[in-house]
Each structure stands twice: as C-alpha cells, then as structure tokens.
Amino acid sequence: MMDSPVPPTSHPRAALDATDWALVDASDAAATLEVDSATGLSAAEATARRERFGANELDAAPPEPAWRRILRQFADPLIYLLLGAVVISAIAWLFEGARGVPIDAIVIIAIVIANAILGYVQEAKAADAVAALQGMAAVSATVVRDGRSEQVPAADLVPGDILALAEGDSVGADARLLSSSSLQIAEASLTGESVPVTKSATTLPEAVPLGDRANMVFKGTAVTQGVGRAVVTATGMQTEMGHIATMLAQTEQEPTPLQKEIAGVSRTLGIAVIVIAVVVMGAIGFTSGIGSLQDAVDVLLVGVSLAVAAVPEGLPAILSVVLSIGVQAMSRQGAIVKHLSSVETLGSASVICSDKTGTLTRNEMTMLRVHTGSGVADITGVGYAPDGDVLVDGSPLLESDPGLDLRAEDIVVLSGGTLASDAEVRQDADGSWVVVGDPTEAAFVVAERKAGLTERREQRFTRVGEVPFTSERKMMSVIVEDAEHPLDGTGRGRPVLVAKGAPDVLLQHCTRVRSGMEVTDLTDDDRRRVQASVDSMSAQALRTLAVAYRPLETDEHASATDAAGDFDPEAGLALEEGLIFVGTVGIIDPPRSEAATAIAAAHRAGIRVVMITGDHPSTALRIAQELGIAAAGDRAIAGPELDAMDADALRAAARDVSVFARVAPEHKLQIIDALQADGQVVSMTGDGVNDAPALKKADIGVAMGITGTEVSKEAAAMILTDDNFATIVAAVRQGRVIFGNIRKFLRYLLSSNMGEVLTMFFGVMLAGYLGLTGHGESIVVPLLATQILWINLITDSGPALAMGVDAETEDVMARPPRRADERVIDGQMWSGIIAIGAVMAIVTLLAIDIFLPGGLIEGSEDVETARTAAFTTLVLAQLFNALNSRSERVSAFHRLFSNRWLWAALAFGVVTQVLVVHVPLLQTAFGTAPLAPGQWLVCVALASVVLWFDELRKVGIRALERRR
Ligand code: ATP
C-alpha cells in the first residue's frame, strides 16, 4: 500500500476521525480506507466493518425501560386519588381492629394493576407499529460493492463504502468525493446555507470551515443536481451531523389533532365528573348519615371510584392503538404513512392532486409513430420486446429506402433519441424484457432496435458529454463523437450535439430543419407542420418528444470541457442553440386499469382529482378524459399560463380546472396555495428533488416508493410502495374508516360512562323512591365502588378496542369529506350519548326498584341481589350499546356479525359477568349475590331496552335526513 497520511481502517477509530479528508487526495483517501474505488468493498468486508463501526445512525436517547413504562400507566391524578382512598381505607380498617380482609382495597388494587397492564400492552403495540413504519420509510443509498452497484439502507453504510450519488439522493454518510459531474448539494440542514453548493473532487490546499469543503459531502444533505462518486469517511455519530446532533430525542410522535381534541374532551369530562362525584358523596352523607370512620372511607371510595370510572382516561391510549393498527393496514395496501396524524388528514382529504406518468398511467412507454418532414412511419409491436417493425408505407424502414436518403430523418430521430438516452432494455432470465432507467428513453431504445439500427449507431458514435434532463427544462442533450467524420489529425470523431425533449420546447432551440438529406432554415410553415403533428398525436393520448441535433465546431466543444477533459454541463447549456429540427415521435403510455375506478370512487366520495403533469396539455387532457378526471369540453391550463395569473385568477382556476400541464415543480406550490386558501385539504404527489417543497406544503405529501427520489420520500407524509394512484384513494378510504371507528368507540365509551354517572347520581338522589333505603346498610348506594371500577376498567375495554378495528358499517365513500375543522363528537353525537346514558341509568335503577321491596314497584329480594341485578343490567346494557355504537344512523342489525372481535369481546363480557355473579370468591370480592335464571332474564330484558331505544332513535335520524 502506498504511503498515506493517516493510518488504515484497521487502526483505532480516533485516528480516522482526526483526519481532515478534504486535504487528502481522492485516491489516497480510498487507499487509506482500504477500498478499491472501482469495485468497492466486498460484501464480507462491509459486514465486518458494520460490526466494527456499528450502524450508521445518530444515537437516539436510550429507550424508556419497561418498568418505567409500566409505572407511567399509574401516573394519573385520578388513579393517585383512588390509591389514596385505598390507603385511607386500609388505615381505617387497621384502626377499627383489622377485622376480616380489606376486600375493597385488595380488589381495587387488583383492578388498577390489570388496567395498567392493559394500558402497557396497548402502548407497546402502538409503539411497535410506529417503529415498523419508520423502518419502511428508511432512507437508502446506492453503493458499489463487489463491483456492482446496489441499494442498501443508509444505516448499513460503513467507512470505505463507495457511494454513488445522483440527483434527488439524500447523502447517507460523510464522504470524500472521488469524481463528480455538475454535482450540487443542498447543505442547509448542516450549515444553514440556503443555496446549493457546487462540489468537485479537487483536493483542497488548506483546512477550511465545513461549508467550504467542496470535495466532501455530508450526511443529512441532499443532491440537487448532477452525479458523483465518493468514499465514505465517517458514519453515525462520527459524521458532522453526529457532532452537532450529539443526542437526538427519541423519535416521539407529536399527539395528533384528534388525540389533542380527545384529551381535551377527557379533561372537561373529568372536571364535570369530579363535581358530580363530590355532589354524590355529599348526597350519600346527607341521606345515610356518616356514623363511623369506615362509613366516611366507604363514601370516599364510592366517590373516587365513580370519578375514575366515568372519566375516559383510557381514551388516548385506545386512540393511538387504533391509529397505529390503521397505519399498519394502510401499509399492507401499499401506503406507508409516516405519522399517525396523516391518518386523520387522509380521512378529510378533499382534493387529490396527482402526477400523470406512472401514477395514473402505467409508465410503460411504447413508441407508435414518427413524424418527420418526409412523412409518417408507424411502429408495430407492444411492450419492450424488440419484436416489431418501423413501417414506412407498409414496408420496414430499411427495406423501403435502400439508400436511406429519403428517410434519413427517421434514422436520426430513432438513433439520435437513443444516443440521448441512458435507459437500458434487457431480457430477464424468464424471457421478459425489462427496463433499467427512464421508460420514455426505453421507448427510443426499443424502436431503434425494431428498425435494426442499433449496431450501426453503436459503431459510429461515442458519447463524450451530457446536459441532463430536468423537469424544468423538459429537454436534454448529449455530445457524441461521430467516427464517420473523423477530425483531421486527432483521430477523434467530429463532435455532434443531439437533443431530445418536449417538441414545443425543443423548437425554440432550433433555427433549421432537416428533410431527407437536406437542411434548410426553419420557416413558420415548418413550425406549423410540427405543431400539427404534435396536435394529432396528443389528441390520441400520445406523449410527444422531438429530436434535434447540430454538428459542433471543435472549439465549441472545447469551451465546454474543463482542464481534466471532463464535459461541463453548465457550459453545455450554451451549445443547445441553433439546432436542426428532425422529427417528432408519439409514445403511448396506457392509463392504469385501476385508476379510472379509483377516480370514480374519489368523485363519489366528494373528492376532486386534479392531474398535474409535465406532459403536453392535449396529451394530458386526453388521458384525463379517458380516466374521468376531465369532461369532454374541459380545458387544461399550462404552466406558462399559470405564471401570468394573479392570486384571484389562480384560485378560480384551481377551483374549476382539473388538468394542469407543462408545469414545473414550483407550479405545484402555487396550486396547493390556491387550493388551501379555498379551504381544501390537499394531497399532492411528487417524485423529484424539486417537488420536496410542494410535498411539505401539501396537507398530505405523497412520494413514489419505486421511482421517487430519496429527498421526495423524506419530505412526504406518505410513500406509495406501488406508485399507484389507486393506492392513494385506498388510503383515503382507510383514513375514513379509521375515523369512523374512532367515533364508534367514543360513542360507546362515553355513553357507557354517562350511564354510570347518571345511575350513581340519581340512584343516590332518589334512593328513597327506589326502596334502597332502610336495609340496615350504613351507606346507601346503587352500585358498589368495586362494581363501578369493574365495569369500566375491565368489561368496557374489549368492545372499545374491537370497534377500533371494525370494518366499515356504512359506505364511507358515499359521503363528502369531513371538514377539517369538524369536531369528532358533534352535537348530534352528544345528544345520542346523553340519551343512551339516560336510558341505561333508567333501566339500571328500574332493576333495583323491581327487586327491592318498597319504592315504585314492589319486590321481595334483599339489597345484595337487587344491587347485583342492577350491576348486571348495566353491564349487559353496555354490551347491547356496543352494537348500537357501530353507527350513528344505520341499524345495529345491519352487518350484525361482521366483526368477530366485537362478538368475542361481548362473549367475554357476558362470561365474566356470569362468573362475578356466581363464583363464591368473586361474590365476596364484588359484593354480589347469585341470580336465578328468571332474574337474569329480567336483567337481559331491561338491558335490551337500550338497543330498541337506539333503533327507534336511528329511524328518527334517517327520517330527518330524508326530509333534509
Ligand atoms: P408527470 O409530471 O405526470 O410525471 P411527465 O413525466 O410527462 O409527467 P416530465 O418528466 O416533467 O413530466 O416530462 C415533461 C416533458 O419532457 C415530457 O412531456 C417530454 O416531452 C419531455 N421528456 C420527458 N422525459 C424526457 C427525457 N428523458 N428526455 C427528454 N425529454 C423528456
């Protein structure tokens, strides 16, 4: 090995860290890091280094240990209150002689622990789901290993890896550049510098600050232009980003707006319930009189239990479980949602803006036609297999024109287009033809092969430079050397610039036109002819591209070449003038078959679909019409037209027009602004590095998992693993289903709580009328503290969770989107909750009255049995109410058995209630007495009133809806 200024990687890590790689020659850097810059590390070496250096990740704060997470489940003021009351009750028990077992205290503690375990399990499940999502959305990097380039997760990068950087990549580690071509990097995240910095591999003479190290690239920055190769010098916490980050907080998810709203509801209810509990305690004291310390403690326990039971403190936990189960379901459908909050936003999306190519269409490009000055050539064959012909007047191109003079343009168009392409078309082992690279370019490669021109072109031309395609420029060009026209003396071919791009754009760079072997000045007639060919092809939904060229003067080429002999694309821009126009091609890109259905579904759901594309307006409009995005008479607005509009005109346009064509990424931002100003919730797709701002600005930025750049994936809120428009609509549907399910369990839990509070309140207030008084009990209550806790902390949770994963009960895509500011619990839902709660309380108190002597209805049971009947009625009423809660307006009998989980939870609720009533040990714990079958029947009948009542209420709601 050559002498190197620093020790090799087998030396301690500190030595590597101390190196200023900007001062080390590129080749020395690779040698020092013990890697061959052409072939990269071997897989084995990469694994070994991964072991030695660890994952390329910034350290997060250590995860919270399990014991602390368990303890946190108890960290709730109401639970403190309850435990406080339990402690007081235990002390009272001791003071009063410690007779028997302090049953209440033990049972309450057991219930609180069971509840905490439930909370812990739910939280862990939600956290796992979120972690899995983050794994799926992880950034990847292209490296050269074992001589091949491959995609690896950025976390697997090791010092010595050879990184291949391209536009749109997110730089995965700190690295020393080995070579570059017009490489520009946005380093704002590291240095704060907002303008992208130009990078090159040249060694620096002296140490300079971070922002000036032009031959280094740094983790966490983004490639905005060009390509480069670099050798990784530092990973993980050793990177510059690691130095400033030192400690990243654990990726904790912000509470979503919904979670915040629900936390607010819980808080308000909490205060109301505490007030009620105090009133209930006062009332008990007033009606029963408090004779002993034990009485006082019992009253306290009842009050506090009521408060604990009635405050839906478990709601936020259930909510995050439901949201995270929802995002898992979405990821199975191909939509990776990065934050739980997007689930809610998706549910209220009102406009979906989508790219055309690849998202609405298949991105399988087949060239069908070539238009030149000499006429039209048709291309047969489908897909990427080179089976087919380029036909001129019915005969293959090469046969139709043996001298090739007349149809020379076709040849220039096909071979020129291919020269200006990077795509490769290969046959897989199974015989199918696959594309590596841009499908538009592949269409040229295949057509050229069908014409039989490939070999000739390969022998004659060598590429020496490229001015890359960008979606702003909508064209690109290459410089090739033409071996058939050697330059004097040098032995090299004459340089020729060949360009391809959108015909309207390319025409602006042309001054001459070629027909046959002749080149003449470009006239207005020629322009009209080209325009006519573009119009006719785009009216048939064909994507049009044109080809032009110009032989360069030797000094022109030299002017765009740097000292090292590399072509400089910046300077190359100036050469794209005075070109010779040759011809236009038409490429078909069939719409995705599922897109039209998805668009129809979106429209039915009151969601607008807007196509935003770089393609030609007529082509875009034609495809939009085929898919149902635009109607027959609709128009498309082109980017330049947008530029000329003021804010009002733009808003009006965004409201009416569904096709925006020939747009650049910045137009997407304007369109989002206009739509959002109109109160719309906007989803926007994007794939390029320049789409990142629009993806961030949109309410739901959607990136393409297959064709999207890393930068766009980082900026997006959702990534489509299949790049498919239909997946966006599926995610919206899922978002709506989840939102609906959240409403279901809120309806369920809150009406159940309402039922308990009202039962306790009126039970105590009306004790005399119910026959509850005068049984020799020291305090008079309709339900015991342990019974209340049991209902809430144990029986309630199952149905609530089951409702969170319910299938859709109503057609969720039949309604317009929820307004973003709409509350989860609206007025109608509140009135339903109160009404159901009241019915529950009435039937529960009725059970007491029926069973006890005295009161309105005469009974003959003791107070234990009556209370057990009330307890059972309330539990069963809540289980019936679970069926009601699945919809605000549709009958509970509609799709009654569709949710297995719900039925399992209901069965669990019934079985545990039977146990609590009939197992002696539990009877002691919960103060219950066994019920006879007939008494059970009374309880079931009373409880079922909740179901019938709500059915009637729903009939009323539906009748009202019809009248509206
Ligand atoms: P979308 O924005 O819906 O993905 P798109 O792929 O048509 O649509 P761009 O990639 O910005 O959008 O392309 C815009 C125009 O640029 C195309 O209509 C085509 O004429 C031209 N074009 C596309 N790809 C190339 C390419 N590789 N080389 C030269 N010109 C191209």
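At what angle do helix α6 and α11 pack, and how far apart are their axes? Before the answer, a word on what you're looking at. This is a predicted model, in which local features need pLDDT of at least 70 and side-chain atom pairs count only at pLDDT 80 or more, while totals for chains, interfaces and linings use all residues. Residues are numbered from 1 along each chain as its sequence is written, and side-chain values use heavy atoms, with hydrogens and water left out.

Now the answer: helix α6 (residues 103–136) packs on α11 at an angle of about 35°, with the axes 9 Å apart. Axes here are lines fitted to C-alpha atoms, for helices over the stretch in contact, and angles run from 0 to 180 degrees between N-to-C directions. Helices (H or I, at least four residues) and strands (E, at least two) are DSSP runs, numbered from the N terminus. The crossing of α6 and α11 is left-handed, meaning that the near helix is turned anticlockwise from the far one by less than a right angle; clockwise would make a crossing right-handed. On the α6 side the contact (heavy atoms within 4.5 Å) uses Q122, K125, A126, A129, L133 and M136, and α11 brings residues including A317, I318, S320 and V321. By class, that contact has 9 nonpolar, 5 polar and 1 charged residues. For the classes, Ala, Val, Leu, Ile, Met, Phe, Trp, Tyr, Cys and Pro count as nonpolar, Asp, Glu, Lys and Arg as charged, and the others, Gly among them, as polar.

Stay with α11 (residues 315–332) and bring in helix α28 (residues 725–765): this pair packs at about 155°, axes 10 Å apart. The two are therefore roughly antiparallel to each other; angles over 145 degrees count as roughly antiparallel, under 35 as roughly parallel, 65 to 115 as roughly perpendicular and the rest as oblique. α11 and α28 cross in a right-handed way. Among the α11 residues involved are L315, I318 and L319, and they meet a set in α28 that includes A731, Q734 and G735. This contact of α11 with α28 divides into 13 nonpolar, 3 polar and no charged residues.

Next, follow α28 to another partner. Helix α21 (residues 593–604) packs against α28 at about 30°, with axes 8 Å apart, and these two are therefore roughly parallel to each other. Their crossing is left-handed. E594, A595, A598, I599, A601 and A602 of α21 touch F725, A726 and V729 of α28. Here the split is 8 nonpolar, no polar and 1 charged.

What about the ligand? It is surrounded by 19 residues (a heavy atom within 4 Å), the closest being K356, K500, R543, T613 and D615. An N or O atom in the side chain of K500 sits 2.9 Å from a ligand nitrogen atom. R543 places a polar side-chain atom 2.6 Å from a ligand oxygen atom, and a backbone N or O atom of T544 is 3.2 Å from an oxygen atom of the ligand.

Two residues finish the walk. F461 lies in strand β16 (residues 461–467). Leaving out residues up to four places away in sequence, F461 touches L419, V480, E481 and D482. Its C-alpha atom is separated by 57 Å from that of I325, 136 residues apart along the chain. E556, in helix α19 (residues 554–559), touches R550 and L575, again not counting residues up to four places away in sequence.

Conventions: Polar contact = N/O pair within 3.5 Å; in protein donor to acceptor, adjacent residues only side chain to side chain.
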